[in-house]
Amino acid sequence: MKEFAVFWGCTIPTRFPFLEKSTRTVLDAFSLPYRDVDGFTCCPEKSLINNIDPTLWKLTAARNIAVADDEGVDVVSPCTGCVSNLSTVKKGLKTNPKEAEEVNAVLKKAGREFKGAADLTHLVPFFHDKIGIRKIKDLMKKDFKGMKIAVHYGCHMIRPSHALGADDPISPKKFDNLLAALGASPVKARNKLMCCGQGLDRVNQHDNALHLARIKLRELKSEGADALVVCCPSCFLQFDNNQFLMEKEGEKFGIPIIYFTELLGLAIGFTPEELAMNSHRVSVEPFIKKWEGRDTTEASEAIEEELSDAGVFGL
Amino acid sequence: MQESLDFNLLKMCADCGACYEICPSSLHLDGYDPRAVIKDILKGEHEKWLTSETIWQCLECHYCLEMCYQHYGFESAMTALRRLAASKGHFPPQLKKGWDLFIKSSRLGDPAMPARKKLGLPAPAKSGVDEFAAMLEAYKESRDQ
């Protein structure tokens with residue numbers, strides 16, 4: 001496997017270092033060839049920079065990709081926004097040589113050149129496509145049989161599909177496949193692909209942000225979900241922090257928000273403490289308690305059977 | 001507006017509305033009606049939207065782009081209006097705060113050092129702030145020429 005740099009983005013190191021902890025823990029456990037690279041900046045955030053100065057948005061993303069190009073590494077990110085922004089700019093420049101030339105004329109003065117050689121992948125499709133279900137199964141010590149775990153893709157893991165090509169943008173499967181491999185029972189939700197709505201908090205519309213979070217959390221509560229799994233710091237912020245704020249005002253949901261790397265970490269034998277899961281604002285304890293209280297022997301036999309039936313070994 | 005948007009596509013957009021079924025803001029935020037905005041753009045009456053909350057309610061989830069048979073969607077119209085609004089100084093205060101931080105530091109925040117230490121995380125990689133500043137200067141020069 002080609003060496004890759006983890007593009008941490010701004011939100012995880014600034015607000016959620018514990019998500020960096022679980023990500024590193026999992027990457028190390030799989031002995032993956034990753035390293036930290038000096039020189040990255042904000043990807044930059046599309047809703048913020050592209051709305052004010054589209055040229056600067058492209059220049060900044062192109063420079064980040066050029067850093068990876070110069071280091072000779074691919075890029076993997078646990079943030080959907082970073083991957084989507086970088087990929088959108090990469091696709092635009094790769095298909096528009098004149099624009100790439102203009103961008104490079106500026107980048108040259110900062111000592112860089114955009115080539116677009118680095119592959120850019122989000123962590124979920126990365127685990128699905130490049131690590132694979134079989135390897136995950138090899139390392140798995142515990143499964144989630146009997147646990148109802150809802151999945152939230154995060155819009156920018158899969159869209160815009162012309163730039164990402166990561167999964168079907170309207171009917172994605174990869175995150176679901178990974179959860180199925182971990183033995184989780186899926187939760188059918190009408191609002192499964194609905195945007196989390198965190199963007200509204202960034203434009204001073206907090207009540208509207210809460211309103212969108214509430215719609216999804218209410219549905220999950222009525223479906224009896226034990227947890228919601230995400231793999232985007234913005235979605236995590238929306239469902240963990242904003243759920244906490246609503247609960248403080250008396251609205252109870254009780255849906256723990258679990259990062260994909262935390263769930264995977266638990267499955268391969270790390271403890272919630274080792275994964276720093278006590279840092280969430282909405283407690284993960286009800287989930288952990290129910291999970292640890294299951295009859296596990298029966299669960300693992302059943303999951304072997306179900307996985308064979310589903311044909312996921314062939315992926 | 002004619003410079004930044006394809007009015008022929010927008011005309012079809014104004015009559016279509018296929019993406020109302022999947023647009024989270026159209027479905028769930030009272031008063032969010034992109035076709036009303038698009039009809040005003042086509043009439044040349046977009047000015048009134050520049051100071052509205054509506055244009056910032058597009059979540060940029062790109063769902064409409066995927067559903068749109070022209071791969072155009074409401075989002076393109078909202079983005080054009082947001083850029084015009086921003087160029088006239090109309091934007092949510094939080095957006096301005098984020099922009100200022102980005103220009104100054106090249107990032108939207110610094111790594112949380114005490115928490116990193118507690119979690120046993122390695123020292124964070126160096127940011128590209130100096131190179132970013134040089135790029136910003138070069139960009140300003142090329143723009144002014």
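Which residues does F287(A) touch, not counting residues up to four places away in sequence? I put this to the predicted model and listed F144(A), M147(A), I149(A), D226(A), A227(A), P256(A), I258(A), L263(A) and L266(A).

**Entry 1. Core.** I then looked up the nonpolar core. The largest one has 155 residues. F287(A) is among those with the most contacts inside it, together with F127(A), F144(A) and F175(A). I noted that F144(A) is also one of the residues touched by F287(A). The largest share of this core comes from helix α4 of chain A, residues 54–71, with eight residues.

**Entry 2. Sheet.** Two of the contacts of F287(A), I149(A) and I258(A), led me to the strands. I found an open sheet of four strands in chain A, ordered β6-β5-β7-β8, with parallel pairing. Its edges are β6 (185–186) and β8 (257–259) of chain A, each of which pairs on one side only.

I went through the pairs in sheet order. β6(A) and β5(A) run parallel and are joined by two bridges; here P186(A) is the bridge partner of I149(A). β5(A) pairs with β7(A) in the parallel sense over three bridges, and A150(A) stands opposite L228(A) of β7(A). β7(A), residues 227–230, pairs with β8(A), also in the parallel sense and over three bridges. In this last pair, I258(A) of β8(A) lies opposite V229(A).

I next recorded what packs on the sheet. Helix α14 of chain A, residues 260–267, touches β5 (148–151), β7 and β8 of chain A. The direction of this helix makes about 75 degrees with that of β8(A).

**Entry 3. Domains.** Chain A is divided into domain 1 (4–123) and domain 2 (132–314), by the assignment on record. Over C-alpha atoms, I find their centres separated by 25 Å. The contact involves 26 residues of domain 1 of chain A and 30 residues of domain 2 of chain A. Between them the two domains bury about 2,300 Å², of which 76% is on carbon and sulfur atoms. On the domain 1 side of chain A, the residues that lose the most area to domain 2 are F18(A), F30(A) and T80(A), together 26% of what that side buries.

**Entry 4. Helix α7.** I asked how many of the nine residues of helix α7 of chain A (123–131) are buried. Seven are, so the helix is largely enclosed by the rest of the structure. I listed them as L123(A), V124(A), P125(A), F126(A), F127(A), H128(A) and I131(A). F127(A) had already appeared among the core residues with the most contacts. After α7(A) comes G132(A), with a positive phi near 90 degrees.

**Entry 5. Chains A and B.** I count 54 residues of chain B in contact with 62 residues of chain A. The two chains bury about 5,100 Å² between them, 64% of it on carbon and sulfur atoms. In chain B, E66(B), W99(B) and M135(B) lose the most area to chain A, together 12% of what that side buries.

**Entry 6. H211(A).** I closed with one residue that reaches chain B. H211(A) lies in helix α12 of chain A, residues 206–222, and touches H28(B) and L29(B). Is H211(A) buried or partly exposed? Its relative accessible area is 29%, so I entered H211(A) as partly exposed. The C-alpha atom of H211(A) is separated by 9.9 Å from that of M246(A), 35 residues apart along the chain.

Terms used:
Residues numbered from 1 in each chain as written. Chains lettered and ligands numbered in written order. Predicted model: local features only at pLDDT ≥ 70, side-chain atom pairs only at ≥ 80, totals over all residues. Heavy atoms only, no water. Core = buried A, V, L, I, M, F, W, Y, C linked by side-chain atoms within 4.5 Å. Buried < 20%, exposed > 50% of the residue type's maximum accessible area, 1.4 Å probe, protein only. Contact = heavy atoms within 4.5 Å. Pairing = 2+ DSSP bridges. Axes fitted to C-alpha atoms, helices over the stretch in contact; angles between N-to-C directions. Domains from an automatic or database assignment. Buried area = accessible area lost by both parts, 1.4 Å probe.
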